[in-house]
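Biologist: Before I accept any label attached to this assembly, I would like to hear the reasoning behind it.

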Amino acid sequence: MKVLVAVKRVIDYNVKIRVKPDHSDVDLTNVKMAMNPFCEIAVEEAVRLKEAGVATEVVAVTVGPKAAQEQLRTALALGADRAVHVQTEAPVESLAAAKLLAKVVEEEQPQLTILGKQAIDSDNNQVGQMLAALTGRPQGTFASEVEVEGETLKVTREIDGGLQTVALQLPAIVTTDLRLNEPRYAKLPDIMKAKKKPLDTKTPEELGVVVASGLKLVSVEAPAERQGGVKVGSVDELVDKLKNEAKVIS
Amino acid sequence: MSILVLAEHHDGQLAETTAHVVAAAQAIGGDIDVLVAGENVGTVAEAAARLDGVSRVRVADAAVYAHQLAEPVSELLVALSGDYGHVLAAATTHGKNVLPRLAALKDVSQISEIIEVVDADTFKRPIYAGNAIATVQSEDALKVITVRSTAFDAVGATGTAGVEAVEAGIDNALSSFIDERLEQSDRPELGAAKVVISGGRGMGSGENFKLLDGIADKLGAAIGASRAAVDAGYVPNDMQVGQTGKIVAPELYIAVGISGAIQHLAGMKDSKVIVAINKDDEAPIFQVADYGLVGDLFEILPELESKL
């Protein structure tokens, strides 16, 4: 079966972000960018399905600026067979991203589409669910285990309080949680080979999708700073402070 | 315009988070209905009807909603949403699973995890792991919103709303429930606890997490963990506090053997008082801690337990 895997270019997770002085957004100029960590897990899962003989082809897709091709090349180096780049320099909200991905799903007809559960920049946790809705497919969100059994997909989901296992009718959409797998590193020969793998570029216009949003970003601010506190010298002092100064224990 | 709140419930009990979401709905303003979808949810509906500020509880009681799978519940919400200007749910795994599906079916954006209501169209929400706060304004006719429950105080339970059944005639051929493995615990729920004590990689092993038990018992605390402790296999993942786990904001948060990575801080930095116990006095956790104690947790924890 064919597996489609969606990846996003985001700020590297180790970077301490800065809010622009005019509060219009976060400043991303000259900041290290990388593949979203949850997307890495999605790519890894797709590649493992191929190695297990379940998937026959893995197609990586991204929606974003020209520079996002770097992340597609990373996916190719990790084992994806080819890539589709929906190129747009405009900011893309979750719903528009889901609409663009739905068009790619329509064209490619994958049996399984894997996405990360959330991007670490917008922290929305929406696109996979929206893509499932738009394509009329079932969804297995926050997956920590995925198993293909004929025409159904068994997905173990991380829920508040534990784990839940559901059966989904294929074709289906899955979003990855952190514990689904441990992504591999791309080796240099694979990175070289990835440069020759096919990468198609499309535009939202070609896909017939208008990248608009019902949401307006009014402002972005830094959160209130926490005041660094004091270091205490002993357990006795700590207990005393908690009882008499902070009054949080009795 | 009216507001519909999707109730969350487990094992015939209304989840605590629902009372927090109703509080967010009150901040928006308007009539508040609560939807209870499930099977044999009479007691849940009664509990929802007691929440202050609720005008009406609507109950969809059918086998298809038994495990509140996203596919049938989102269809139900689509069928009901015509009466409402806002649909709200808690930003739990349940709310996050269902609401974006509803939003896409209605062709509107979804606003995730709001922490403040500015007005009926404008909301604040954290982005970049809580390192920035975005104010967003929705121009959509229907606002679909998940609510960070720790940011809103729960409403009381002295109300007397009416309960009425809604038509529940949706088939679900797309997905089915197989099983559930829930962690059993006598302690308060992590998201709702007044005191949380969390262990990190510094705990060294799952066995050593027992050192937290006595302290948690004395303080009536829930026990949490950092992602490092979960990934090392010390404790199950539903104990994880952080950007990718649970967001907590207790009165007292005690971080033991946790360095304080951005990912973890995103889940607990709105706690009222933070205590850090760590042997590394350079650990970033000390920059947010109100009280820090540098030392060996294996000596400090037993002493702390005996002195509480």
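The exchange below takes up the sheet, the strand pairing and the interface of this predicted model.

Biologist: What makes S11 of chain A and S13 of chain B the edges of the sheet?

Modeller: The open sheet has 10 strands with mixed pairing, in the order S11(A)-S5(A)-S4(A)-S1(A)-S6(A)-S10(A)-S7(A)-S8(A)-S9(A)-S13(B). Strand S11 (199-202) of chain A and strand S13 (175-182) of chain B each have a single partner strand, so one side of each is left without a neighbour in the sheet.

Biologist: How do you know that strands S8 and S9 of chain A are paired?

Modeller: Pairing requires at least two bridges, and eight bridges join S8 (residues 152-159) to S9 (residues 162-169) of chain A, the two running antiparallel. Within that pairing, Lys154(A) stands opposite Ala167(A) of S9(A).

Biologist: Why is S12 of chain A said to pair with a strand of chain B?

Modeller: By that criterion of at least two bridges, the six bridges between S12(A) and strand S10 (residues 132-138) of chain B make them an antiparallel pair, in which Leu217(A) stands opposite Val136(B).

Biologist: Why is the contact between Lys307(B) and Asp236(A) called a salt bridge?

Modeller: The limit is 4 Å between a side-chain nitrogen of Lys or Arg and a carboxyl oxygen of Asp or Glu; the closest N and O atoms of Lys307(B) and Asp236(A) are 3.2 Å apart, and therefore the pair qualifies. Across the interface of chain A and chain B, four salt bridges are found by this rule.

Biologist: How much area do chain A and chain B bury between them?

Modeller: They bury about 6,700 Å², with 54% of it on carbon and sulfur atoms. On the side of chain A, Asp160(A), Arg226(A) and Val235(A) lose the most area to chain B, together 11% of what that side buries.

How values were computed
Residues are numbered from 1 along each chain as its sequence is written. Chains are lettered from A and ligands numbered from 1 in the order in which they are written. This is a predicted model: local features need pLDDT of at least 70, side-chain atom pairs count only at pLDDT 80 or more; totals for chains, interfaces and linings use all residues. Side-chain values use heavy atoms; hydrogens and water are left out. Helices (H or I, at least four residues) and strands (E, at least two) are DSSP runs, numbered from the N terminus. Buried area is the accessible area (1.4 Å probe) that two parts lose on being put together, summed over both.
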